[in-house]
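Biologist: Could you walk me through the charged pairs in this one? I'd like to hear the reasoning behind each label.

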Amino acid sequence: MSDATIRTRSETRDRLASVAEAEGMSLRAWLDRLAETVSAPAKRGEGAERTRQVLQEWTGYDPAVPDAEADAVLARRLAEATAA
C-alpha cells in the first residue's frame with residue numbers, strides 16, 4: 001500500500017494525533033480505523049431509512065410523522081432507560 005499526504009492545519013493534525021495517542025494508536029492506524037467506520041452521507045441516509053422502517057414495523061411508531069403523544073412516551077421511556 002502506498003502512502004499519501006493529506007494537507008491540514010497543524011492544530012488539526014495535533015488534535016487528531018492526541019486522540020490517537022489516547023487510544024494507544026499511531027495517527028496512521030487511527031485514521032485507517034476511522035476510514036473503515038465512517039460512511040458517506042448517502043449511506044448514512046439509507047441506514048436511517050432502514051432503521052425508521054424497522055421501528056415502524058416493530059412498534060407502529062414512525063418518527064417521520066409528527067405525533068406529540070407518541071414522542072412524549074418515547075422521550076419518557078428513553079429517560080427511564082438512561083436513568084436506570
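Modeller: Here's a run through some of the salt bridges, bearing in mind that this is a predicted model.

Biologist: Why is the contact between R28 and D3 called a salt bridge?

Modeller: The closest N and O atoms of R28 and D3 are 3.2 Å apart. The cut-off is within 4 Å, so the pair qualifies. By that rule, the count comes to 6 salt bridges.

Biologist: And what does the R28 and D3 pair tie together?

Modeller: R28 sits in helix α2 and D3 in the segment before α1, so the bridge links parts 25 residues apart in sequence. Both R28 and D3 are exposed.

Biologist: What makes R52 and D62 a salt bridge, and are the two buried or exposed?

Modeller: Their N to O distance is 3.0 Å, which falls within 4 Å, so the label fits. R52 belongs to helix α3 and D62 to the loop between α3 and α4, so this pair joins parts 10 residues apart in sequence. Both R52 and D62 are buried, and they're linked with E49 in a network of salt bridges.

Biologist: Where do R76 and E80 lie?

Modeller: Both are in helix α4, 4 residues apart, or about one turn of the helix. They form a salt bridge too, with the closest N and O atoms 3.2 Å apart.

Biologist: Why is R76 called partly exposed?

Modeller: Buried means under 20% and exposed means over 50%. R76 has 45% relative accessibility, so it lands in between. E80, at 47%, counts as partly exposed because of the same cut-offs.

Notes
Residues are numbered from 1 along each chain as its sequence is written. This is a predicted model: local features need pLDDT of at least 70, side-chain atom pairs count only at pLDDT 80 or more; totals for chains, interfaces and linings use all residues. Side-chain values use heavy atoms; hydrogens and water are left out. A salt bridge is a side-chain nitrogen of Lys or Arg within 4 Å of a carboxyl oxygen of Asp or Glu. Helices (H or I, at least four residues) and strands (E, at least two) are DSSP runs, numbered from the N terminus. Buried means under 20% relative accessible area, exposed over 50%, partly exposed in between (1.4 Å probe, protein chains only).
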